[in-house]
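Me: I have a model in front of me and some labels I don't follow. Can we go through them one by one?

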Amino acid sequence: MASLNDINLDQLSEKDKSELRTFLANENQRARVQATVHSITDMCFKKCVTGTIRSSTLDKSEESCMANCADRFLDISQVAVTHLQNMKQS
């Protein structure tokens, strides 16, 4: 199988180029979402799981803290996106 470096993109049809751009944009977006989820998980774990891990499950207070932490992160992210969109429109 040829590597991406071996492929001459000029030989692709406009339809194929468009599909490739869409695919790459979707993969880029998926990677950003995964990075955000990882960041949220890491931040909330450090904040909420402060004691010794005694079993394979979180205790009730840690579980509640993790859920609240993730919810607040998503809430503030949405507020920030809305604010930036309003600034861009102004």
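Reply: Gladly. Start with one link in this predicted model: with -85° about the S-S bond, Cys-44 and Cys-69 form a left-handed link. Cys-44 sits in helix α1 and Cys-69 in helix α2, 25 residues apart.

Me: What makes Cys-44 and Cys-69 a disulfide?

Reply: The distance from S to S is 2.1 Å. The cut-off is within 2.5 Å, so the pair counts as a disulfide.

Me: How do you know that the disulfide of Cys-48 and Cys-65 is left-handed or right-handed?

Reply: Look at the torsion about the S-S bond. For Cys-48 and Cys-65 that torsion is about -70°, so this disulfide is left-handed. Cys-48 lies in helix α1 and Cys-65 in helix α2, so the pair ties together parts 17 residues apart in sequence.

Me: Why is Cys-48 called buried?

Reply: The relative accessible area of Cys-48 is 6%. Buried means under 20%, so the label fits.

Me: And what makes Cys-65 partly exposed?

Reply: Cys-65 has 22% relative accessibility. Partly exposed runs between 20% and 50%, so that is the class.

Me: Why is the pairing written 1-4, 2-3?

Reply: Number the bonded cysteines in sequence order. Cys-44 joins Cys-69, and Cys-48 joins Cys-65. That gives 1-4, 2-3.

Me: Which residues make up the largest nonpolar core?

Reply: Ile-40, Cys-44, Cys-48, Met-66 and Cys-69. Helix α1 gives the largest share, three residues.

Conventions. Residues are numbered from 1 along each chain as its sequence is written. This is a predicted model: local features need pLDDT of at least 70, side-chain atom pairs count only at pLDDT 80 or more; totals for chains, interfaces and linings use all residues. Side-chain values use heavy atoms; hydrogens and water are left out. A nonpolar core is a set of buried Ala, Val, Leu, Ile, Met, Phe, Trp, Tyr and Cys residues joined through side-chain atoms within 4.5 Å. Buried means under 20% relative accessible area, exposed over 50%, partly exposed in between (1.4 Å probe, protein chains only). Helices (H or I, at least four residues) and strands (E, at least two) are DSSP runs, numbered from the N terminus.
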